[in-house]
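Got the model open in your viewer? Let's take a walk through it, one selection at a time.

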Amino acid sequence: MDFILHVPVIGLLLQFIGYLVGVMTTNGSLIITLSTPIALGALCGFMNERSGVVNIGIEGMMLFAAFVGWYVAALVNGGAPTSPGPLGITFPLLVGLLAAIVAGVAVSALHAWLSITVRANQIISGTIINIEALAITGYLNLLISQNPIPSAGNFQSFHVPQGVASVPVLGWLLTTFLGHGPITLTMLVLVIVLQILLFRSRWGLRTRAAGEHPRAAETLGIDVIRLRYRNVLLGGVLAGLAGAWFTLEYIGTFQGGMTNGRGFIALAALIFGRWTPIGAFGAALVFGIADALGQAVSFNPPSGDLGAVLSGVPEQVFSALPYLVTIIVLAGVVGRSIPPAADGQPYEREAKAT
Amino acid sequence: MVVSEAASSPAASKPAALEMRGVTKRFPGVVANDHIDLDVRRGEIHALLGENGAGKTTLMNILYGLVTPDEGEILLGGKPVTIASPADAISQGISMVHQHFMLVPVLTVAENILLGEEPMANPVLMDRKAAHTRIRELGRFFGTEIDPDLRVASLSVGWQQRVEILKALYRNADILVLDEPTAVLTPQETKEIFAVLRRLTAEGTSIIFISHKLYEVLEIADRITVIRRGKVVGSRIPSETDEDDLAELMVGREVELTVDRGESHPADVTLAVAGLTVSDDRGHEVVHGLDFEVRAGEVFGIAGVAGNGQDELVEALAGLRRPAGGTVELSGRTITGASPRRLHNLRVGFVPADRHRYGLVLVFPLTDNSVLTSYYRAPYSRGLVRDADAIGRHAEQVIKDFDVRTPSPLVHASTLSGGNQQKLIVGREFFGDLRLLVLDQPTRGLDVGSIEFIHRQVIAKRDAGTAVLLISAELDEVLELSDRTAVMYRGRLVAVVDGRSATREEVGLLMATGGREGPPPIIAEGAA
């Protein structure tokens, strides 16, 4: 007790806030980078759940896509060096990206079939996908590592020209939001586009109706089954992009289980963001900040009292920060964030005799 | 064509807008529609009458492409058409207002109306301005403009029904099917909807009107077709028929529509409620200090639009919810917050509104369901062991006395029709000598035959000296049975009127407005 009384708590808190703001401003670009798989995963969940299909298999879809994308890119590359275009784009990487998307769509097709046609329990379907993805990619990776093939490298970040980057404020904004690889940039565009489409387009209106009251949509001539299939498959594209981010943009290799729960955090972001693209992106940023903070503390620890206190905390605590934030955020938000009314309910078409 | 039969109708000379010929649909174990013929002329209101399960809804679902018929054909304007989906039906000019609202609560009025027929500004985005203009135009049809940006969840039930009809108008329906559109409306709201329907037919729209309220059908319809057990059993013109005739056609036997309730002889106060306050699940007070008494040998009715606190009141009286304040006394004994079992031991019977959630265990046989409130007592139970013979005998008694139609007392309750399920519950709860009966919507969703039966039983209980508390959103039922009728509005009893002299209009107005001046509100009470 005595020890705690001697620690200047208020001072430490102020120091911590200062440090946090410092991390957020100097590492803005890193935060967006780290929030990319979470945001893309949440967008995948958004496509599913807004039309009435629960998807807890995002983690597995991402992992599958990460593995397939990496392996296909490496195979196409064949060890031969290629000269990269802008953003580090090479032919093998593009093929790998495409393969990752195809993998995401393929796994989504399984989920769609089980959830929509077979009308299986959607939680079970998602769980199967998560377990299988971890096991299959881990096993195949083990086989491949016995005859390792060189990776095809990864996409590079866009470099804002020095002259522009040094302009105050504008330069910071541009480097933070544009200084990324192609997948992250795509994510930023998708968040805005999907937000507009959800509330302003025919697709968005029909999707919301199918997720809230599918029978009402059906009576107005909307094919709910087809709409749900299309949305889940499009969600697979987004999960594929999220997976590709791991192995084709962030780092250029695959490790077993490398998605590390990002798919589940994406689900939390979706709930925290109230099932809207902008909301989910905002929530993903919160997790990105937690992630970046964990990294900053080990690479660039704060000085003074705060540094002394933090150096006493085991390193693992900082690695666990995104997960801790998930728990705290969900505990505070769940129950107040209302999911689409028909989320998770299989739709049966023919009306029974009454 | 049956022109000669309907020669006196003004619509007779007009061509048939819709003909259904020999339409047949079989579901496992039942023929829902057995070679049904129906013709609807341009600009007429054609009523479709029948008991629950007679096949009206199936026939309309076939017309709307929701159910595929096994046989038969559909002709529109004399030409045969195939309707394989609601999209087909809509493109052929058929719209349907379903029995249960087909509205998405979280979407706005405009979004609900546009859905499926969105006006587009470009290939991707919708043209909201054009849509809003159109909706306001259509709204003028009702004499009142509606704000297209209101959320449907915030609208009162009457306005939600208007939005349903606006959906049909927006699609320029030639044929409009209305499946029990007045079931949830007050008499005033019904009148307004009827005026709209007449204006529509004047412009050439044909309307198929499904209802089980006979006086409504007689008031609005040009012609009436009656269906029983999947077959057309007759057609009538309102001027040449009456309620008794229609009821007999529907049921297949003579039915007394209004039970002769006779004189009542109220005695001592049995149930005394004082300052009763009840909160809902979210902790909001929804019943505000009710005071009322029910005497032995009288029926005390509480009328009101659903959602004005009746559910919470019933739950508080039945021991399913702890009152937040006030007292409840039964023959001088305090029973505030008493458990259902204690109430039952004090000879209180309770018929819940939702027979599937509260009244029955659907996967139990009728035998066990017949003793759900008394299984623990002799003779049904001896110590820890239940007596299957005694339970079986009791079940058979209930089935016989209350006319429950079932192949055996051992079948699951889920296999019975709604009417027979309800008769089983009534039989269980009415059994023996009762002090008090709490009836929550005791005939909801039942056909005239079952309603007649249950109403007779209520009167019989009253005459045996039981105090009966009847809570119902079905105004006719309250008026027919009650000696005194109270109106519940926003958690308060706003008026108590004499049950025998009160009129539908008088009580209906109290239900809609709570006795205040001015038109009923558009926004539902308590909506977010």
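## Starting at a wrapped helix

Select helix α5 of chain B and show its surroundings: β6 (94-97), α3 (109-114), α4 (128-139), β7 (175-179) and α6 (187-202) of chain B are among what covers the buried residues of α5(B). Helices (H or I, at least four residues) and strands (E, at least two) here are DSSP runs, numbered from the N terminus. This is a predicted model, where local features need pLDDT of at least 70, side-chain atom pairs count only at pLDDT 80 or more, and totals for chains, interfaces and linings use all residues. Residues are numbered from 1 along each chain as its sequence is written, while chains are lettered from A and ligands numbered from 1 in the order in which they are written.

Now colour α5(B) by burial. A residue is buried if 20 or more other C-beta atoms, placed from the backbone, lie within 10 Å of its own; 12 or fewer makes it exposed, and in between it is partly exposed. Of the 14 residues of α5(B), 12 are buried, so the helix is largely enclosed by the rest of the structure. Among them are B:W159, B:R162, B:E164 and B:K167.

Try a distance between the end C-alpha atoms of α5 (residues 157-170) of chain B: they are 20 Å apart, which agrees with the 20 Å expected at 1.5 Å a residue (that is, 1.5 Å times one less than the number of residues). Just past the helix, click B:N172, whose phi is positive, near 50°.

## Into the core

Next, select B:L63, B:V177, B:F209 and B:L469, which touch the most other members of the largest nonpolar core, a set of 147 residues. The largest share of this core, seven residues, comes from α5(B). A nonpolar core means buried Ala, Val, Leu, Ile, Met, Phe, Trp, Tyr and Cys residues joined through C-beta atoms within 7 Å.

Zoom in on B:L63. Beyond its neighbours within four places in sequence, B:L63 is in contact (C-beta atoms, placed from the backbone, within 7 Å) with B:M20, B:I74, B:I83, B:A89, B:I94 and B:V177. Apart from this core lies another, of 84 residues, including A:M47 and A:M258.

## Zooming out

Show all of chain B as a cartoon: 17 helices and 22 strands. Its C-alpha atoms fill a box of roughly 70 × 50 × 45 Å along the principal axes.

Finally, colour chain A by pLDDT, the predictor's confidence in each residue, from 0 to 100. The average is 90. Among the elements of chain A, helix α1 (residues 2-6) has the lowest mean, 57, and helix α12 (residues 224-250) the highest, 97.

Definitions and conventions
Two residues are in contact if their C-beta atoms, placed from the backbone, lie within 7 Å.
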